[in-house]
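Reader: I have a structure open and would like to go through it. Can you put it up here?

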Amino acid sequence: TRYIGDWSSDVCSSDLWQDPALELTQRSLITCAVLVATGREAEQHLHFRGARNLGISRETLEAMITHVAHYAGWPVAVSASRTLAEVWTQMDGEG
């Protein structure tokens, strides 16, 4: 059986993230929004870091979380806000 990480890497490095129909920053923000809406905290850590590395501001991510809160619920938004703060603090400490 193939490891799930191998499948994920294959998909992410293939057409999914390479399709020119969306900018890389748009894909990142969309991915973050889906992860917030579905409460995927572990994956949020990875993708919030990636978003910041792509130049997406904390303010933009906070606005996205607030927007998602109205559709997916406040608990997932509060959790995502906490995760975003953790990621930002960690990355500030790294650099």
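**Rings, helices and surface**

Reader: How many aromatic pairs does the structure hold?
Author: Zero. A pair would need ring centres of Phe, Tyr or Trp (its six-membered ring) within 6.5 Å, with planes under 30 degrees apart called stacked, over 60 edge-to-face and the rest tilted.

Reader: Before I go on, what kind of model is this?
Author: It is a predicted model, where local features need pLDDT of at least 70 and side-chain atom pairs count only at pLDDT 80 or more, while totals for chains, interfaces and linings use all residues. Residues are numbered from 1 along each chain as its sequence is written, and side-chain values use heavy atoms, leaving out hydrogens and water.

Reader: What lies over the face of Trp88?
Author: Arg52, at 4.6 Å from the ring centre. The criterion is NZ of Lys or CZ of Arg within 6 Å of the centre and within 35 degrees of the ring normal.

Reader: How many helices and strands?
Author: The protein chain has six helices and zero strands. These are DSSP runs (H or I, at least four residues, for helices; E, at least two, for strands), numbered from the N terminus.

Reader: Ser79, buried or exposed?
Author: Buried, because its relative accessibility is 9%. The cut-offs are under 20% for buried, over 50% for exposed and partly exposed in between (1.4 Å probe, protein chains only). Ser79 belongs to helix H6, residues 74-94.

Reader: And how much of the chain is buried?
Author: 25% of its 95 residues.

Reader: Where is Val34?
Author: In helix H3, residues 24-37. Val34 is partly exposed, at 47% relative accessible area.
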